[in-house]
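Thank you all for making time for this. I would like to walk you through one model, and I will ask you to keep it in view as I speak.

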Amino acid sequence: NTLESLSELLQASEFSGFPVVNSRERMGLVGYIGRANLASLVDRALAEELPLTSPCYFSPDQRPPRGQAFVDCTPWMDQSPIEIVETAPLNRVIEFFKALRLRYLLVMRNGRLVGIITKRDTLRRIETFRGRPLFLGSAVEPL
């Protein structure tokens, strides 16, 4: 990742955070970084006039050649986000959200990240099962 690619990611999406993986092929979970933290890092680096091509690192094992400008994202990243297996029942997901006061869970299959589920997604799914819209004034009609 570069400063430019992270800036483009923030502009192109409205996600409240991003899972960090070791590679797109392996999809091994490294951590999670919230949108506000990532935006703050990018804004600060741009204010310091770092080149857009500056690499951004999410692992303490990665470092650029000596003297090259870079952005270290590791201090602002949650390196131990809560994970759940994809086969977990919905009631377990709800228990996690309630007991741990979480906003998201990272969904895993055989040690690989396969998705993310948010508390909001879960509430919407429950309301779908109940047959009524989640928010008052919603345009969604029950089937």
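I will take a sheet and then a pocket in turn. Please bear in mind that this is a predicted model, in which local features need pLDDT of at least 70 and side-chain atom pairs count only at pLDDT 80 or more, while totals for chains, interfaces and linings use all residues. Residues are numbered from 1 along each chain as its sequence is written, and side-chain values use heavy atoms, with hydrogens and water left out.

Let me begin with the open sheet, where three strands (DSSP runs of E, at least two residues, numbered from the N terminus) lie in the order S5-S6-S7 with mixed pairing, two strands counting as paired if DSSP finds at least two bridges between them. Strand S5 (83–85) and strand S7 (112–118) are the edges, each pairing on one side only. Strand S6, residues 104–109, runs antiparallel to S7 and is joined to S7 by six bridges; within S7, Gly115 is the bridge partner of Val107.

Which elements give two or more residues to the lining of the largest pocket? They are helix H1 (3–12), strands S1 (17–21), S2 (29–34) and S3 (56–57), S7 once again, and helix H4 (119–130), helices being DSSP runs of H or I of at least four residues. The largest share of that lining, five residues, comes from S1.
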